[in-house]
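Subject: Structure handover

Hello,

Here is the structure I said I would pass on. Please open it and keep it beside you as you read the notes below.

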Amino acid sequence: MTIYRCTAAAAGVLFALVVSACGGSDSPGTNPSGGGGGGGGGGTGTIAATITITAAGVSPKNVTVTPGSRVTFVNNDSRPHEMNSDPHPQHTDCPEINVGFISAGQSGTTQNLNTVRTCGFHDHNQPGVTSLEGTIRIQ
């Protein structure tokens with residue numbers, strides 16, 4: 001019986017350690033993917049636009065911002081989204097947009113958008129869903 005109690009206690013401690021190591025932060029601006037998802041690096045540019053994600057898609061689909069500013073994606077859908085630059089799957093046109101994985105109820109912010117251009121974006125996990133596509137014009 002003593003071995004059983006020790007094993008159960010050890011399993012409980014191990015479980016607690018694993019859960020605490022995987023916890024992360026629930027605050028907006030977290031970024032498990034390293035590509036954005038919140039802070040994303042790239043400086044402290046002003047948030048010039050917010051794009052909201054819902055089950056119906058993104059809104060607004062097109063925004064215009066000034067060079068050096070940033071855009072926040074707010075996920076008001078019940079499922080996660082992974083917002084990235086076109087083209088799929090390379091995401092190379094405007095890497096500053098690659099905010100990556102955004103959990104339901106969370107947000108992700110681009111890096112500073114410094115280069116004057118027009119950048120397309122999409123949900124990496126649903127690349128053919130046009131309601132989850134849009135553009136960010138930097139001018």
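How much area does the chain expose, and what percentage of it do carbon and sulfur atoms supply? The chain exposes about 7,400 Å², and carbon and sulfur atoms supply 58% of that area. Please keep in mind that this is a predicted model.

Overall make-up

The chain has 139 residues, of which 34% are buried. Its secondary structure consists of one helix and nine strands. Read from the N terminus, the helix comes at the start and the strands follow, in the order α-β-β-β-β-β-β-β-β-β. If you take the contacts between residues at least 6 apart in sequence, 58% of them join residues at least 24 apart.

The sheet

Five strands form an open sheet with mixed pairing, in the order β3-β9-β8-β5-β6. At its edges are β3 (62-65) and β6 (100-102), each of which pairs on one side only. From one strand to the next, the twist averages 25°. As background, strands of a sheet pair through backbone hydrogen bonds, either parallel or antiparallel.

Both senses can be found here. β3 and β9 run parallel and are joined by four bridges; within this pairing, Thr64 has Arg137 in β9 as its bridge partner. β5 pairs with β6 in the antiparallel sense over three bridges, and three bridges also join β5 to β8, again antiparallel. Met83 is a useful residue to look up, as its bridge partner in β6 is Gly100 and its bridge partner in β8 is Asp123. As for cover, four of the five residues of β5 are buried.

The nonpolar core

Which residues have the most contacts inside the largest nonpolar core? They are Ile51, Val71, Phe73, Met83, Ile97, Phe121 and Ile136, in a core of 19 residues. At least two residues of this core come from each of β1 (47-54), β3, β4, β8 and β9. β1 gives the most, with three residues.

Ile136 shows how the core residues meet. Apart from its neighbours within four places in sequence, Ile136 is in contact with a list of residues that includes Ile51, Val71, Phe73, Ile97 and Phe121. Val63, Val65 and Leu113 are also among the contacts of Ile136.

A search of the whole structure turns up one aromatic pair. Phe73 and Phe121 form this pair edge-to-face, at 5.1 Å centre to centre and with 80° between the planes. The pair links distant parts of the chain, as Phe73 is in strand β4 (residues 70-75) and Phe121 is in strand β8, 48 residues apart. Both Phe73 and Phe121 are buried.

The loop between β5 and β6

Several items belong to this loop. Cys94 lies in the loop between β5 (81-85) and β6. Is Cys94 buried or exposed? Cys94 counts as buried because its relative accessibility is 2%, under the 20% cut-off. Leaving out residues up to four places away in sequence, Cys94 touches Ser85, Asp86, Arg117 and Cys119. The C-alpha atoms of Cys94 and Asn84 are separated by 8.6 Å, and the two residues are 10 apart along the chain.

His91 lies in the loop between β5 and β6 too. His91 is buried, with a relative accessible area of 12%. His91 has a positive phi of about 60° although it is not a glycine. For comparison, most residues other than glycine have a negative phi, and most peptide bonds are trans.

Pro89 is also placed in the loop between β5 and β6. The peptide bond that joins His88 and Pro89 is cis, with omega about 5°. A cis peptide bond also joins Ser59 and Pro60, with omega about -5°. Pro60 lies in the loop between β2 (57-59) and β3.

One more loop residue

Where does Gln126 lie? Gln126 is in the loop between β8 (117-123) and β9 (134-138). Gln126 is buried, with a relative accessible area of 18%. Setting aside its neighbours within four places in sequence, Gln126 is in contact with Arg79, His81 and Leu132.

Regards

Key. Residues are numbered from 1 along each chain as its sequence is written. This is a predicted model: local features need pLDDT of at least 70, side-chain atom pairs count only at pLDDT 80 or more; totals for chains, interfaces and linings use all residues. Side-chain values use heavy atoms; hydrogens and water are left out. Buried means under 20% relative accessible area, exposed over 50%, partly exposed in between (1.4 Å probe, protein chains only). Contact means heavy atoms within 4.5 Å. Two strands pair if DSSP finds at least two bridges between them. Axes are lines fitted to C-alpha atoms, for helices over the stretch in contact, and angles run from 0 to 180 degrees between N-to-C directions. Accessible areas come from the Shrake-Rupley method with a 1.4 Å probe; for residues, only the protein chains shown count as cover. Rings of Phe, Tyr and Trp (its six-membered ring) pair if their centres lie within 6.5 Å; planes under 30 degrees apart count as stacked, over 60 as edge-to-face and the rest as tilted. A nonpolar core is a set of buried Ala, Val, Leu, Ile, Met, Phe, Trp, Tyr and Cys residues joined through side-chain atoms within 4.5 Å.
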